[in-house]
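Q: I should be grateful for a close look at the nonpolar packing in this structure. Please then place that part in its surroundings, residue by residue where possible.

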Amino acid sequence: MKYMENRHNVTEFVLLGLTKNPTMQKVIFVVFLIVYIISMVGNVLTVVTITLSPLLKSPMYYFLAHLSFIDACYSCVNTPKLIVDSLHEKKTSPFNECMTQIFGEHLFAGADVILLTAMAYDRYVAICKPLHYTTIMNWRLCGLLVGVSWVGGFLHATIQILFIFRLPFC
């Protein structure tokens, strides 16, 4: 019984980082900030272009817009904290914040993988059954596949968090 009481005695995690060299930490800050900004701009431009263009109204572009949105969300889970922490001497993450980040990572990564599978199915139908493509890949099925990717990502993240909460942290 005493073991169960002390199971979650950790309040924060200490992040060791990539290096303790202050000069290298500044280089890491600049590199990750540039990559993060380019990634976000690229994903947002992709979503906006596909959404606003009347020529890009096929299932392939519908999936691509959702994939870019998921990738932008995934980039927002850990990268900002990594960028900010690269400038701080003490790098800690509270327990709840860490669990939230892990949940977000698994949610968006799981949704990403399932959506990539849906995109592969879309291409399979387009290549192997081109005459039936428009009847098979209708907007209802596309919406259903995107919904399944989000629900699947949520279920995956929930299962991962349930396993993590059972771990004893010491």
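A: In this predicted model, the largest nonpolar core holds 18 residues, and those that touch the most other members are Phe63, Ile70, Phe108, Leu115, Met137 and Leu145. Three elements give two or more residues to this core, namely H3, H4 and helix H6, which covers residues 139–165. Among the contributors, H4 provides the largest share, with seven residues. As background, nonpolar side chains in soluble globular proteins tend to be buried together.

Phe108 offers a view of the contacts around one member of this core. When neighbours within four places in sequence are left aside, Phe108 is in contact with Ile70, Cys73, Tyr74, Val77 and Trp150. Apart from the largest core lies another one, made up of six residues, including Cys98, Met99, Ile102 and Ile164.

Aromatic rings form a further layer of description. The model contains six aromatic pairs. One of them joins Phe103 and Phe154, whose ring centres are 5.8 Å apart and whose planes stand at 80°, so this pair is classed as edge-to-face. Because Phe103 belongs to helix H4 and Phe154 to helix H6, the pair ties together parts of the chain that are 51 residues apart in sequence. Both partners fall in the partly exposed class: Phe103 has a relative accessible area of 25%, and Phe154 has a relative accessibility of 43%. Elsewhere, ring pairs link Tyr62, Phe63 and Trp139 into a cluster. Phe63 also appears among the core residues that touch the most other members.

The charged pairs come next. Three salt bridges are present in the model. Asp122 forms one of them with Arg123, with the closest N and O atoms 3.1 Å apart. Asp122 is buried, since its relative accessible area is 2% and the limit for that class is under 20%. Arg123, by contrast, is partly exposed at 33%. Salt bridges with shared partners join Lys81, Asp85 and Glu97 into one network. Within this network, Lys81 pairs with Asp85, the closest N and O atoms being 3.0 Å apart. These two residues lie in helix H3 (residues 59–85), four residues apart, which is about one turn of the helix. Lys81 also forms a salt bridge with Glu97, where the closest N and O atoms are 3.6 Å apart. This second pair links distant parts of the chain, as Lys81 is in helix H3 and Glu97 is in helix H4 (residues 95–128), 16 residues apart. With a relative accessibility of 33%, Glu97 counts as partly exposed.

Asp85 deserves a closer look at its setting. The residue is found in helix H3 and is buried, with a relative accessible area of 11%. Not counting residues up to four places away in sequence, Asp85 touches Leu15, Lys91 and Thr92. The C-alpha atoms of Asp85 and Leu15 are 8.9 Å apart in space, while the two residues are 70 apart in sequence.

Ser86 is located in the loop between H3 and strand E2 (92–94). At a relative accessible area of 7%, Ser86 is buried. A polar atom of the Ser86 side chain lies 2.6 Å from the backbone oxygen of Ile83. With residues up to four places away in sequence not counted, the residues touched by Ser86 are Gln25, Ile28, Phe29 and Lys91. Lys91 is thus a residue touched by Ser86 and also by Asp85.

Two of these contacts lead to helix H2, since Gln25 and Ile28 are among the buried residues of that helix. The others named as buried in H2 are Tyr36, Met40, Asn43 and Ile50. The buried residues of H2 pack against H3, an element that also gives residues to the largest core. Helix H2 covers residues 22–52; at 1.5 Å a residue, its 31 residues should span 45 Å, and the end C-alpha atoms are 44 Å apart, which agrees. Its N-terminal end is capped by Asn21, a side-chain oxygen of which lies 3.0 Å from the backbone nitrogen of Thr23.

Notes:
Residues numbered from 1 in each chain as written. Heavy atoms only, no water. Salt bridge = Lys/Arg side-chain N within 4 Å of Asp/Glu carboxyl O. Buried < 20%, exposed > 50% of the residue type's maximum accessible area, 1.4 Å probe, protein only. Core = buried A, V, L, I, M, F, W, Y, C linked by side-chain atoms within 4.5 Å. Contact = heavy atoms within 4.5 Å. Phe/Tyr/Trp six-rings, centres within 6.5 Å; stacked < 30°, edge-to-face > 60°. Expected span 1.5 Å × (residues − 1). Polar contact = N/O pair within 3.5 Å; in protein donor to acceptor, adjacent residues only side chain to side chain.
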